[in-house]
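Subject: Structure for your files, with notes

Hello,

Here is the structure I said I would pass on. My notes on it follow below.

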Amino acid sequence: LMQETMWSDLGDQAAANQRGNTLTYMVANAALTATVVFGEASDYSFLLIVSAIGVGLFGILSFENSQQSFMGLVKGMPASVAATPMGEAAKKTPFTLFRMANTVICGLIAIAQIIAVTG
């Protein structure tokens, strides 16, 4: 059975990973969006389309990786933590809803960027 300290350390690692990936996605997405909005796409539209797909996939896959980590942490939660209100709430986290929402939102952003480049 996992010790509380190890479980807590793993949770901190998973959270730091998600924060880092989220920041990377947000910066890349903002830079790409600014380029699409303020740039002239005629010379580099293919590169922008590939970038939009890549940034969208990065957002989807990095969030999915983080969610898988958190789902594993919930499954491996020590009994002492599981019995607390926080542990009970963690067991009820709608991971599937979060995963679907992230996929849809990242996909829609990428599609909007591609439409803006090609339109």
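The second largest pocket of this predicted model is lined by Gln18, Asn21, Thr22, Tyr25, Met26, Gly59, Ser62, Phe63, Ser66, Asn102, Cys106 and Ile109. Helices α1, α2 and α5 (95-118) each give two or more residues to that lining. The largest share, five residues, is from α1. Sorted by class, the lining holds seven polar residues, five nonpolar ones and no charged ones. The volume of this second pocket comes to about 170 Å³.

The largest pocket encloses about 250 Å³ of space. Its lining is made up of Trp7, Gly11, Phe70, Leu73, Val74, Met77, Val81, Met86, Ala90, Thr93 and Phe95. Two or more of these residues come from each of α1 (4-38), α2 (45-75) and α4 (85-91). Here α2 supplies the largest share, with three residues. Nine of the lining residues are nonpolar and two are polar, while none is charged.

Next, the helices that appear in these linings. Helix α1 consists of 35 residues, and its first and last C-alpha atoms lie 50 Å apart, close to the 51 Å expected at 1.5 Å a residue. Its buried residues are Trp7, Gly11, Ala14, Gln18, Asn21, Tyr25, Asn29, Leu32 and Val36. Trp7 and Gly11 also belong to the lining of the largest pocket, and Gln18, Asn21 and Tyr25 to that of the second largest. The partners against which the buried residues of α1 pack are α2, α3 (79-82) and α5.

Helix α5 has 24 residues, for which a span of 34 Å is expected at 1.5 Å a residue; the distance between its end C-alpha atoms is 34 Å, so the two agree. Buried in α5 are Phe95, Asn102, Cys106, Ala110, Gln113 and Val117. Phe95 is also part of the lining of the largest pocket, whereas Asn102 and Cys106 line the second largest. The buried residues of α5 pack against α1, α2 and α4.

On charged pairs: how many salt bridges does a search of the whole structure find? The search gives two. In one of them, the side chains of Glu64 and Arg99 meet with an N to O distance of 2.6 Å. Because Glu64 is in helix α2 and Arg99 in helix α5, this pair ties together parts that are 35 residues apart in sequence. Glu64 has a relative accessibility of 21% and so counts as partly exposed. Arg99 is partly exposed as well, at 23%; the cut-off for buried is under 20%.

The other salt bridge joins Glu88 and Lys91, whose closest N and O atoms are 3.2 Å apart. Both residues are in helix α4, three residues apart, so about one helical turn separates them. Glu88 is partly exposed, with a relative accessible area of 35%, and Lys91 is partly exposed with 45%.

Three single residues are also worth listing.

- Gln67 is located in helix α2. With a relative accessible area of 5%, Gln67 is buried. Leaving out residues up to four places away in sequence, Gln67 touches Gln18, Phe95, Phe98 and Arg99. Of these contacts, Arg99 is the salt-bridge partner of Glu64.
- Ala82 belongs to helix α3. Its relative accessibility is 13%, so Ala82 counts as buried. With residues up to four places away in sequence left out, Ala82 is in contact with Met77, Gly87, Glu88 and Lys91. Glu88 and Lys91 are the two residues of the salt bridge in α4.
- Ser80 is in helix α3. At 40% relative accessibility, Ser80 counts as partly exposed. A distance of 33 Å separates the C-alpha atoms of Ser80 and Leu23, which are 57 residues apart along the chain.

Regards

Note on methods. Residues numbered from 1 in each chain as written. Predicted model: local features only at pLDDT ≥ 70, side-chain atom pairs only at ≥ 80, totals over all residues. Heavy atoms only, no water. 1 Å grid on protein atoms, 1.4 Å probe; cavity = no way out; pocket = protein on both sides within 12 Å on 5 of 7 lines; lining within 4 Å. Points joined across faces, edges and corners; volume = space filled by probe spheres on them. Helix = DSSP H or I, 4+ residues; strand = E, 2+ residues; numbered from the N terminus. Nonpolar A, V, L, I, M, F, W, Y, C, P; charged D, E, K, R; others polar. Expected span 1.5 Å × (residues − 1). Buried < 20%, exposed > 50% of the residue type's maximum accessible area, 1.4 Å probe, protein only. Contact = heavy atoms within 4.5 Å. Salt bridge = Lys/Arg side-chain N within 4 Å of Asp/Glu carboxyl O.
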